[in-house]
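Colleague: Could you take me through the packing of the helices in this model, and then through the elements that surround it? I should like the residues involved named wherever possible.

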Amino acid sequence: MAEDLVRVPPGTTLRRVRRIAVLLLVAALVATCGATLPDQGGPGWSSPGLVGGGGWPYNGVPLTQDDAKGAAYLPGSSVVRLRDGRVRLVPFGTDSDITVEANDPRVMQAVLSDRQWLLAGTIPNGGAAVPTGSRQVFGEMAARALLDLRLLTRPNGASLASWYGPWRYSWPRDSAFTAAAFTMTGRPEEARRILRFLANVQNENGLWAARYHPDGTAVTDGREPQLDSLGWVLWAAWLFHVQDPSAAARLPELWPMVARAADHLAGSLDAEGLPPPSSDYWERKPGTEEDPRRPTLGVVGPVLTGLRSAASYAFDIGRRDKAAAWSKAASRLSDAVARQFTPYGYPRSPIPGGLMDTSVTFVAPPLAPPDPGVTAAIANAFHRQRLPNGGVLPGEKWSGNPEVAWTPEMGLFALAAASSGRTLDALDHLDWLATHRTPLGVLPEKVDAAGEPASVAPLGWTASLVLLTLAALERPLPIPPVS
C-alpha cells in the first residue's frame, strides 16, 4: 500500500517505469523532506491542480501556473511543496490557503490526515493484471484522483465537476460517477453524502435539473433536464446498494429517489420502446442530432442501465411490483436498441452510416452484459475518434476543436476495456491518461494538439473513471442483471 502513495512524475510513460523505479522511491523520500523538483514548465492555462489540507470541510484552492513551477504534492496528500521549499495548504476549518515553512506543525498534521483517509479505503492500482512498475504509476494516479474528488465534494454532498467558473457546478451525471468511484474504493460515507444530495434536489416527477449550484439550487440557464442523468444516478444507487446493503439501508432517501426516477423513465417510453429525445453528455439540443426524432445512444444506454439497476434494487428489497414494471420497461427498451441501433453498428443516432461516438461504451460492461457486436463497435468508434496526440474526440465530426482530446472519453474507453477483459487496451488508455496529467499529476479535462493538458484540472468525471477502471482490473465490477 505504501508504494501507491509514491509520486511518479506525470510525464513518465509506463515503458520507462522499470528503469527508474528505484530513483522514484528515493525521490519520494527527498520530496517528503522538503527538497524541490526541477522546473517542469507550465501548460499555459489557469491551474494544474488544487491545494488542500487534511481538515473538515475539505476545501481546495487552485494553485496558479507560476506557483506550480517546480512544485509538487507531498506524497499521499493535497499539501503542496513550492519551488522555494515552503509549503502551501488550506488549514483545518478554513477555505483559504496559506504558505508556511516546511517544519510548521500544520504541514504534517494535514499530510497525515490525508494519508489516513486514503488508507481507510482502497487505492486501486490494477492489481495482478498490471506489471509491478505500472502499478506504482497507477496507484499514485488513483491516490491523486481520490484526493481530488474529496476536494471537489462539498459537505452537503454536492460533487463539483471542477473548481473553475463554468465547471463549478454539480451535474447529476458526473456526481453519479463520483459516488460510484467512492463506492468501489470502500468509501461509503462519501458516496452516501452525494446520493443524499441528489435525492434532496430531485424533482417530484423524478427529474433533475441539468446542473446545480454548490448550495443545491438549480442553475437556471435555459438548459432542459437531461434524461441520461436519471439512468446514471439509478446505476450509482444500485452499485451503492450492492456493495454495502447496510449503508444503503441507512440512507432512507435512497429508495424514494430511485422509485421516482425509475417510474419517470418507465413511463417515458414511446410506442417503439424508446425514451424521448433529450440532451445527453454532449449537452446539445436534440434538434441538432442526425436523427432529431429519436434519442441518441448517449441517452438510450444510461436509461437502459438505469432501469435494469432499479429493477434489481427493487427485487432485492422485496418490491416485486416495481421490479416487474421496471424490468418490463427495460426489456422493451432493449428490444428497441436491437431494432434501432444494432443493425447500424451502434452509432450515436440510429440511422444508416450514423456517426460514432463514445456513448457506444454505455452498452458495454460494466453497464451492460458483454456482446461481441458492441465490442466491435467500440473498436470502430475508437479508431474513428482517435487523434494524432493519442487521445480521442467525443465523437466523429466533433463540432468543437478537432485537435483537442477529451480525457473523460478516454476514461470511458478504458473502463469498457477493463470490464470486457481487454486488459492491454485498458492499460494503453490508462498509460495515455497518466502521461498527459498536469505537472502536479492531476487529471485535466482536455489535452491539446501538442500533448499538453488543457482546460481545467482536476476534472471529477475523469478522476472517477480512472478509479473505476483500476478497480475493474482488480476485480470485475458488478453488471446490472438482465431479467
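Modeller: The account below begins with helix packing, continues with individual residues, and ends with the sheets and the backbone. The model is a predicted one.

Let us begin with helix α7, residues 228-243, and helix α10, residues 297-316. Their axes come within 7 Å of each other and cross at roughly 35 degrees. The crossing in which α7 passes α10 is left-handed. On the α7 side, the contact is made by D228, G231, W232, L234, W235, W238 and H241. The α10 side supplies G298, V299, P302, V303, T305, G306, L307, S309, A310, S312, Y313 and D316. Sorted by class, the residues at this contact of α7 with α10 are ten nonpolar, seven polar and two charged.

One residue of this contact can be followed further. H241 lies in helix α7, and its relative accessibility is 8%. Since the limit for a buried residue is under 20%, H241 counts as buried. Apart from its neighbours within four places in sequence, H241 touches A248, Y313, D316 and I317. Of these partners, Y313 and D316 are among the α10 residues named in the helix contact.

A second pair consists of helix α4, residues 132-152, and helix α15, residues 460-474. These two pack at an angle of about 135 degrees, and their axes are 9 Å apart. The angle makes α4 oblique to α15, because roughly perpendicular ends at 115 degrees and roughly antiparallel requires over 145. Here too the crossing is left-handed, with α4 passing α15. From α4, the residues F138, M141, A142, A145, L146, L149 and L152 take part, and they meet G460, A463, S464, V466, L467 and L470 of α15. The class count for the contact of α4 with α15 is eleven nonpolar residues, two polar and no charged ones.

Helix α6, residues 188-201, is the place of R193. R193 has a relative accessible area of 11% and is buried. Beyond its neighbours within four places in sequence, the contacts of R193 are W56, T153, R154, P155, N156 and G157. For scale, R193 and G55 are separated by 138 residues in sequence and by 17 Å in space, C-alpha to C-alpha. Helix α6 also holds N200, and N200 counts as exposed at 54% relative accessibility. The C-alpha atoms of N200 and G76 are 33 Å apart, with these positions 124 residues apart in sequence.

The strands come next. One open sheet has four strands in the order β3-β4-β5-β6, and the pairing is antiparallel. Its edge strands are β3 (72-73) and β6 (98-100), each of which pairs on one side only. Strand β5, residues 87-89, runs antiparallel to β6 and is joined to it by three bridges. Within this arrangement, R88 stands opposite T99 of β6.

Another open sheet has three strands in the order β7-β8-β9, again with antiparallel pairing. Strands β7 (405-406) and β9 (453-454) stand at its edges with a single partner strand each, so one side of each has no neighbour in the sheet. Two bridges connect strand β8, residues 446-447, to the antiparallel β9. The bridge partner of K446 in β9 is A454.

Some backbone details remain. Most residues other than glycine have a negative phi, and most peptide bonds are trans. The peptide bond from W56 to P57 is cis, with omega near -5 degrees. P57 sits in the loop between β1 (50-51) and β2 (61-62), and W56 has already appeared among the contacts of R193. The bond from A457 to P458 is likewise cis, its omega being near 0 degrees. P458 belongs to the loop between β9 and α15.

Positive phi values occur at E283 and at Y346. Phi is near 55 degrees at E283, which lies in the loop between α9 (254-268) and α10. With 30% relative accessibility, E283 counts as partly exposed. Y346 has a phi of about 60 degrees and is placed in the loop between α11 (320-340) and α12 (372-385). At 7% relative accessibility, Y346 counts as buried.

Technical notes:
Residues numbered from 1 in each chain as written. Predicted model: local features only at pLDDT ≥ 70, side-chain atom pairs only at ≥ 80, totals over all residues. Heavy atoms only, no water. Axes fitted to C-alpha atoms, helices over the stretch in contact; angles between N-to-C directions. Parallel < 35°, antiparallel > 145°, perpendicular 65-115°, else oblique. Left-handed = near helix turned anticlockwise from the far one by under 90°. Contact = heavy atoms within 4.5 Å. Nonpolar A, V, L, I, M, F, W, Y, C, P; charged D, E, K, R; others polar. Pairing = 2+ DSSP bridges. Buried < 20%, exposed > 50% of the residue type's maximum accessible area, 1.4 Å probe, protein only.
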